[in-house]
Amino acid sequence: MRPWLSEYLEAQHRALDSIPLDGVETLIGTVRQAWHDDRQIFAIGNGGNAASASHFATDLGKGASDKVGKRFRVLTLADNSAWLTALGNDYCFDDVFLRSLQNYARPGDVLIASSVSGNSPNLVRAFEWAGQNELQTIALVGAKRGRLAEIAGQTLVIEDSHYGRVEDAQMTILHMLCYAFMDGGAA
């Protein structure tokens with residue numbers, strides 16, 4: 001078991017080393033501008049990435065807001081199971097994030113998605129709508145990149161395709177974003 005554990009950690013280090021720091025700096029700048037302009041920041045993802053979106057919204061909305069003294073307007077669209085399942089049941093699951101954005105989003109708002117494949121239909125449809133409605137779009141994807149990487153305004157790629165490693169590296173990016181405001185002086 002020890003060799004497998006060591007190999008896993010080595011691969012995780014490589015995934016973390018692939019984090020594009022220039023892209024993270026640009027992401028921080030985009031969120032900083034949205035915060036200054038009192039724009040809404042939306043986070044979306046499926047499965048583990050839905051949990052990461054929730055974690056991110058908590059860290060930015062509570063932790064970073066407490067630190068900088070001005071509240072971040074941040075919301076994950078995957079946390080309201082009644083709303084999500086109503087949309088999925090009455091329309092289709094591919095539209096759950098798109099239809100939520102139609103209710104809440106305005107031009108100039110920011111949409112952040114994390115996806116290992118970059119091809120989840122519900123994320124792609126949300127990004128297509130966001131692009132047509134003047135939202136800023138940021139995709140955190142794995143090495144396969146997928147459709148999100150093609151249509152996002154900004155893409156940050158983790159050069160790995162292992163779901164656990166990519167999700168961990170994406171959460172690292174989201175933590176870096178939040179902690180840039182909490183203890184990095186980004187405000």
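This dialogue goes through the sheet and the helices of a predicted model.

Reader: What should be known about the numbering and the model first?

Author: Residues are numbered from 1 along each chain as its sequence is written. This is a predicted model, in which local features need pLDDT of at least 70, side-chain atom pairs count only at pLDDT 80 or more, totals for chains, interfaces and linings use all residues, and side-chain values use heavy atoms, with hydrogens and water left out.

Reader: In what order do the five strands form the sheet?

Author: Strands of a sheet pair through backbone hydrogen bonds, either parallel or antiparallel. Helices (H or I, at least four residues) and strands (E, at least two) are DSSP runs, numbered from the N terminus, and two strands pair if DSSP finds at least two bridges between them. Here five strands form an open sheet in the order 2-1-3-4-5, with parallel pairing. Strand 2 and strand 5 (154-157) stand at the edges with a single partner strand each, so one side of each has no neighbour in the sheet.

Reader: How many bridges join strand 3 to strand 4, and how many pair strand 1 with strand 2?

Author: Strand 3 (residues 110-115) and strand 4 (residues 136-141) run parallel and are joined by six bridges; V110 stands opposite Q136 in strand 4. Strand 1 (residues 40-44) pairs with strand 2 in the parallel sense over four bridges, and Q40 has R73 in strand 2 as its bridge partner.

Reader: Which face of strand 2 is covered?

Author: In strand 2 (residues 73-76), V74 and T76 make the covered face, while R73 and L75 make the uncovered one.

Reader: At what angle do helix 2 and helix 8 pack?

Author: Two packed helices are described by the angle between their axes and the distance between the axes. Axes are lines fitted to C-alpha atoms, for helices over the stretch in contact, and angles run from 0 to 180 degrees between N-to-C directions. Helix 2 (residues 21-36) and helix 8 pack at about 50 degrees, with axes 10 Å apart. Contact means heavy atoms within 4.5 Å; among the residues that make it are L21 and W35 of helix 2 and I173 and F181 of helix 8.

Reader: Which strands does helix 8 lie across?

Author: Helix 8 (residues 163-182) lies across strand 3, strand 4 and strand 5, and runs at about 140 degrees to strand 4.

Reader: Which residues of helix 5 are buried?

Author: Buried means under 20% relative accessible area, exposed over 50%, partly exposed in between (1.4 Å probe, protein chains only). In helix 5 (residues 96-104), the buried residues are V96, F97, L98, S100 and L101. The buried residues of helix 5 pack against strand 1, helix 4 (81-90), strand 3 and helix 6 (121-132).
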